[in-house]
Amino acid sequence: MDGLLNEDDPILPAMDDSLAGEQGLAANVSSSIMPIATNKDGGLKKISKAVTTGDFEDLMTFTEEKLKTIRDEIMAGHVEVNPYRKMDSSGENACMYCAYRGICRFDTRLPGNAYRMIEKLSDDDVLRKVREENESSDDDAPRKVREEIE
Ligand code: SF4
C-alpha cells in the first residue's frame, strides 16, 4: 500500500498488527503493507510516509484550493498546452502518459513549445510551500476569474 498516512491516527497499529506495541507503536519494526517504520523509541522513522493531522489538513486545503483555481481557469477558457517535465534525471513528463500523444502537436523543437519544469522538493519544502500558499491564498480569486468570464 502506498500513499500518505496520518501519523496521529490511533488505528495505525490496527491496520498492521506487526506495528502494535503494548502502548501505541512497537519499537524497531517496519510494516510490510504500509510505508511505515519505527525507531527504537516506537516513534516513526523519517522514511515513513506519514504526516501530522495539521499537515494533512494543510494538504487538503491546498488541494481543494488548487482544484477550484484549475476549474475556474478552465471555465475562463485558459486551456494552454502546458505539460510538466520533472527537473530530475528521470525526465518524466506529462506526455509520457498521455492518451492524446499521437494526435497532439506539442513538439519542443517548435518555437513556443516548452515543458513547464518542476523542481524536486523535499517533503519538508513541499509542506512549507503549501503552508505559505494557504496563508497567502486570495479568497477573491474565484470571483475575479468569474468576472473575467462575464
Ligand atoms: S501529448 Fe499533448 S495533450 Fe498530451 S500531455 Fe503532452 S502536450 Fe498535453
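**Exercise 1. Place glutamate 133 in the fold and say how exposed it is.**

Solution. Start with the element: glutamate 133 belongs to helix α3, residues 123-136. Helices here are DSSP runs of H or I with at least four residues, strands are runs of E with at least two, and both are numbered from the N terminus. Next, count neighbours: glutamate 133 has 14 C-beta neighbours inside 10 Å, so it counts as partly exposed. The scale, with C-beta atoms placed from the backbone, calls a residue buried at 20 or more other C-beta atoms within 10 Å of its own, exposed at 12 or fewer, and partly exposed in between. Finally, look across the chain: threonine 61 is 72 residues away in sequence, and its C-alpha atom lies 10.0 Å from that of glutamate 133.

A word on the model before we go on. It is predicted, so local features need pLDDT of at least 70 and side-chain atom pairs count only at pLDDT 80 or more, while totals for chains, interfaces and linings use all residues. Numbering starts from 1 along each chain as its sequence is written.

**Exercise 2. Describe the overall build of the protein.**

Solution. First, the elements: there are 4 helices and 4 strands, in the order β-α-β-α-β-β-α-α from the N terminus. The radius of gyration, taken over C-alpha atoms, is 21 Å, well over the 15 Å that the globule rule gives for 150 residues, so the protein is more spread out than a compact globule. That rule is 2.2 Å times the number of residues to the power 0.38. Then the extent: the C-alpha trace spans about 60 × 35 × 25 Å along its principal axes. Now the division: an automatic or database assignment gives domain 1 (1-51) and domain 2 (53-149), with C-alpha centres 31 Å apart. Last, the burial: 5% of the 150 residues count as buried.

**Exercise 3. Which residues form the largest nonpolar core, and what does leucine 25 touch?**

Solution. The core has 5 residues, namely Leu12, Leu19, Leu25, Ile36 and Ala50. Such a core is a set of buried Ala, Val, Leu, Ile, Met, Phe, Trp, Tyr and Cys residues joined through C-beta atoms within 7 Å. Now zoom in on leucine 25: leaving aside residues up to four places away in sequence, it touches Leu12, Pro13, Leu19, Thr38 and Gly42. Contact means C-beta atoms, placed from the backbone, within 7 Å.

**Exercise 4. Which residues surround the ligand, and how do they divide by type?**

Solution. List the shell: Val81, Pro83, Ala94, Cys95, Cys98, Tyr100, Arg101, Cys104 and Phe106. Each has its C-beta atom, placed from the backbone, within 6 Å of the ligand. Sort them: 8 are nonpolar, none polar and 1 charged. The sorting counts Ala, Val, Leu, Ile, Met, Phe, Trp, Tyr, Cys and Pro as nonpolar, Asp, Glu, Lys and Arg as charged, and the others, Gly among them, as polar.

**Exercise 5. Are asparagine 28 and tyrosine 97 buried or exposed?**

Solution. Take asparagine 28, in the loop between α1 (12-15) and β2 (50-51). Asparagine 28 has 11 other C-beta atoms within 10 Å and is therefore exposed. Its backbone deserves a look too: phi is positive, about 50°, although the residue is not a glycine. Turn to tyrosine 97, in the loop between β3 (84-86) and β4 (116-118). With 8 other C-beta atoms within 10 Å, tyrosine 97 is exposed.

Terms used. Two residues are in contact if their C-beta atoms, placed from the backbone, lie within 7 Å.
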